[in-house]
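Thank you all for coming. I would like to walk you through one model this morning, beginning with a pair of helices and then widening the view.

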Amino acid sequence: MRNLMAALLAGVVLVGAAVPSLAQEVVRVAGIDATRVVIAPPQSELARIIKTGLSTAYQDAAKDSRAYTQAQKLYFFYGARHFEPLWLQEGDNGKVSFAPSAEKIIAAFKASAAEGFRPSDYLTPELDLAAAGADPAKLAAVETAFSNAAVKYAQDIYGGRIAPTAVNSAWTITPKRINEAEMLVKLASSDDPAKIFADLEPKHAEFQRLKAALLKFDDSEAIDQVAIPDGKTLKLGMTDERVPLLRQRLGVAEPDVPETAGAAAAPDLTYGDALVAAVKAFQESLDLTADGVAGPATIAALNGGGTATKDDIIANMERWRWEPEEFGKFHVFVNLPEFRLRIMDDGKEAYTTRVVIGTTKHQTPVFSDEIEHIVVNPYWNVPASIATNEIKPHLLANPGYLAGQNMEMLSGGKVINASAIDWTSTNINKFHIRQRPGGGNALGRVKFLFPNQHDVYLHDTPSKSLFARSFRAYSHGCVRVENPMEFAGALVQHEAKISQASLEGLFGDREAWVNLDTHIPVHLSYFTLRIDEDGTIRSYGDVYGANKKLIALLNE
């Protein structure tokens with residue numbers, strides 16, 4: 001029985017703040033407040049098994065440890081109720097059944113497909129009361145299994161089923177955790193556990209829209225999407241074997257074939273006007289560059305777009321469960337697959353612009369933080385990997401390379417002459433390399449800092465041409481902003497002493513740090529589906545393959 005109840009404890013009290021104990025009451029003795037613990041004796045064999053298991057776990061835990069505190073709370077809670085189970089009840093005929101609160105939770109399990117879950121994950125064979133019969137040990141096992149299932153369901157609703165790091169180890173999203181012991185007691189004493197579960201859901205409008213879309217989803221409408229293979233960028237007049245697939249995907253009619261051509265006529269492989277127009281319309285629907293050119297981003301969007309699958313909806317719902325409960329009334333939201341940044345002010349879009357994100361090799365991580373500083377005329381501090389892989393080969397070929405790039409090398413905080421060093425036998429990472437402020441600086445005129453473990457931030461760039469492309473994953477991991485000073489002006493609109501004009505007034509050759517009075521939340525996120533207020537679903541390419549990987553994990 002010890003292992004049985006230890007399993008109960010493991011399932012329900014690993015996380016928690018204080019839970020008000022029904023087995024404790026404050027009494028006044030000789031003018032002093034004291035806590036009296038009331039432990040009611042068990043009155044059935046099942047209750048005795050529960051008490052033994054809880055008592056053993058309580059006594060075996062190291063004093064002052066979390067395990068001890070949680071075991072004590074659970075022991076007190078059950079002790080106030082004669083150690084009777086939370087989820088089982090005995091009828092006048094002696095037959096054991098689920099308590100009304102348990103039946104309501106079972107109803108929630110049965111309806112969990114509406115949350116994007118599998119009912120079978122919660123309605124497991126371990127909840128089979130008929131199989132337990134009248135055996136107290138087996139009934140105690142059902143009690144344990146039900147507690148585990150109830151807490152698991154609550155946790156899945158609140159924080160998701162999959163750990164973000166299982167999708168990408170660089171996604172440093174702090175998992176949201178419920179207080180499991182508190183949740184167990186709350187559910188057991190509630191007349192409406194469905195409301196408790198509903199209160200755990202993300203309140204973000206787009207999560208609710210995804211859930212509504214899932215409820216309306218008809219499996220019969222989901223057809224196999226035509227997949228377009230990767231290949232060369234297609235422009236008007238080019239020929240390509242993928243053209244017929246593009247026509248099929250976009251519903252563009254085949255060109256008329258002369259009757260004299262015969263049944264064996266070869267398909268028309270020309271990327272013509274009608275197909276270009278259809279591609280433009282598709283690009284406009286996703287706010288991509290509407291140039292009619294079928295490049296990597298458009299092909300990726302076509303393969304991820306169209307009719308969203310149920311798996312796509314569920315995977316995006318899962319990622320919303322990973323997000324913070326509150327984004328902040330005024331915040332920055334960067335959706336990586338969309339290559340776009342937005343400033344949101346009280347639920348409304350205050351500003352938006354295009355961004356360039358990290359390549360698939362140097363992926364921009366997903367996490368939340370706060371913008372604290374704006375740096376005008378920034379130095380670019382060259383990362384060690386770039387110094388080793390890109391700069392050192394140039395120095396070996398040309399000792400004066402750094403000067404030509406407006407860069408300098410420092411040792412002990414002092415600038416040194418890099419051309420005087422023998423780079424064939426010297427580790428370049430013994431030194432610090434930085435690029436001086438200026439028009440050609442890799443960070444442009446301004447950067448926006450939110451100190452983080454990834455050393456990732458938002459910044460300007462001299463490579464403006466990349467913003468005209470639909471596919472914009474070209475950086476080493478930081479996020480490049482198309483219109484950085486416009487963004488800066490929108491970002492500081494609530495700052496009393498800072499404006500776009502005051503920031504531009506700092507332009508020059510000296511680095512200047514501007515500290516924000518109010519830190520601004522910034523969220524780097526990964527959503528391949530966005531749903532407008534009118535229910536329109538916008539689908540974006542799975543640029544890092546994270547959506548596909550999450551779907552696989554959810555379906556295991």
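How are α10 and α14 oriented to each other, roughly parallel or roughly antiparallel? Before I answer, please keep in mind that what you see is a predicted model. Helix α10, which covers residues 205-216, packs with α14 at an angle of about 155°, and their axes are 10 Å apart. Angles over 145 degrees count as roughly antiparallel, and therefore α10 and α14 are roughly antiparallel to each other. Their crossing, I should add, is left-handed.

Now let us look at who makes this contact. From α10 come Glu 206, Phe 207, Leu 210, Lys 211, Ala 213 and Leu 214, while α14 supplies Lys 310, Ile 313, Ile 314, Asn 316, Met 317, Trp 320 and Arg 321. Sorted by class, the contact of α10 with α14 has 8 nonpolar residues, 1 polar residue and 4 charged residues.

Two of these α14 residues deserve a longer look, and I will take Met 317 before Arg 321. Met 317 sits in helix α14 and counts as buried, because its relative accessibility is 0%. Leaving aside residues up to four places away in sequence, Met 317 touches Ala 114, Glu 115, Phe 207, Leu 210, Lys 211 and Leu 214. Met 317 and Gln 208 are 109 residues apart in sequence, and yet they are 8.7 Å apart in space, C-alpha to C-alpha.

Arg 321 is also found in helix α14, and is this charged residue buried or exposed? At 1% relative accessibility, Arg 321 counts as buried, since the limit for that word is under 20%. With residues up to four places away in sequence again left out, the residues that Arg 321 touches include Glu 115, Asp 156, Lys 176, Pro 202 and Phe 207.

Let me turn from the helix pair to the nonpolar cores. The largest nonpolar core has 85 residues, and those with the most contacts inside it are Val 332, Ile 371, Leu 458 and Phe 487. Helix α14, residues 310-322, gives the most to this core, with 6 residues. If you centre your view on Val 332, you will find among its contacts Ile 371, Leu 458 and Phe 487, along with Leu 341, Ile 343 and Leu 491. There is also a second, separate core of 49 residues, which includes Ile 50, Phe 76, Phe 146 and Tyr 153.

Next, a point about the backbone. Most residues other than glycine have a negative phi. In Asp 64, however, phi is near 70°, a positive value, and in Phe 83 phi is near 60°, which is positive as well. Asp 64 lies in the loop between α2 and α3, whereas Phe 83 lies in the loop between α3 and β3. Their surroundings can be set side by side: Asp 64 counts as exposed because its relative accessibility is 75%, while Phe 83, with a relative accessible area of 0%, is buried.

Finally, let us step back to the whole chain. The protein chain has 19 helices and 19 strands, and of its 556 residues 49% count as buried. Among the contacts in the chain with a separation of 6 or more, 68% are between residues 24 or more positions apart. With that, I am happy to take your questions.

Key. Residues numbered from 1 in each chain as written. Predicted model: local features only at pLDDT ≥ 70, side-chain atom pairs only at ≥ 80, totals over all residues. Heavy atoms only, no water. Core = buried A, V, L, I, M, F, W, Y, C linked by side-chain atoms within 4.5 Å. Buried < 20%, exposed > 50% of the residue type's maximum accessible area, 1.4 Å probe, protein only. Helix = DSSP H or I, 4+ residues; strand = E, 2+ residues; numbered from the N terminus. Contact = heavy atoms within 4.5 Å. Axes fitted to C-alpha atoms, helices over the stretch in contact; angles between N-to-C directions. Parallel < 35°, antiparallel > 145°, perpendicular 65-115°, else oblique. Left-handed = near helix turned anticlockwise from the far one by under 90°. Nonpolar A, V, L, I, M, F, W, Y, C, P; charged D, E, K, R; others polar.
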